[in-house]
Amino acid sequence: MCRFLAYRGEPVFMESVVCLPRHSLIHQSLHAEEAKVATNGDGFGLGWYPPEMPADPARYRCVEP
């Protein structure tokens with residue numbers, strides 16, 4: 001199952017919205033309760049706008065779980 005998170009505001013470290021919250025995207029992907037398997041095995045990706053190039057988004061994609 002795909003999960004999306006959007007943040008708009010003052011710059012913050014990505015871990016503060018992706019990893020650290022109690023029900024973070026990391027937690028959800030490793031403990032899926034409504035899926036057939038507990039771990040999301042479909043890969044993942046992140047996209048962001050770096051401060052030094054606000055017009056061009058950066059991205060990270062991986063097909064591994």
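**Notebook: Leu25 and its chain**

I began with Leu25 and looked up its partners beyond the neighbours within four places in sequence, finding that it is in contact with Arg3, Leu5 and Val18. I note here that I am working from a predicted model.

For one of these partners, Arg3, I also looked up the backbone separation: Arg3 and Leu25 stand 22 residues apart along the chain, and their C-alpha atoms are separated by 7.3 Å.

I then checked where Leu25 sits and found that it belongs to helix 2, an element that spans residues 25-30.

Next I asked whether Leu25 counts as buried or partly exposed. Its relative accessible area is 21%, and because buried means under 20%, I entered Leu25 as partly exposed.

Turning to the whole chain, I recorded two helices and two strands, which follow the pattern α-α-β-β when read along the sequence. Of the 65 residues in the chain, 9% are buried, and I put the accessible surface of the chain at about 6,100 Å², with 59% of it belonging to carbon and sulfur atoms.

For contacts in the chain between residues at least 6 apart in sequence, I noted that 14% join residues at least 24 apart.

Last, I looked up the confidence values: the chain averages a pLDDT of 79, and 80% of the residues score at least 70. Among the elements, helix 2, which holds Leu25, has the lowest mean pLDDT, at 78, whereas strand 2 (residues 58-62) has the highest, at 88. I keep in mind that predicted coordinates should not be read in detail where pLDDT is low.

Notes
Residues are numbered from 1 along each chain as its sequence is written. This is a predicted model: local features need pLDDT of at least 70, side-chain atom pairs count only at pLDDT 80 or more; totals for chains, interfaces and linings use all residues. Side-chain values use heavy atoms; hydrogens and water are left out. pLDDT is the predictor's confidence in each residue, from 0 to 100. Helices (H or I, at least four residues) and strands (E, at least two) are DSSP runs, numbered from the N terminus. Buried means under 20% relative accessible area, exposed over 50%, partly exposed in between (1.4 Å probe, protein chains only). Contact means heavy atoms within 4.5 Å. Accessible areas come from the Shrake-Rupley method with a 1.4 Å probe; for residues, only the protein chains shown count as cover.
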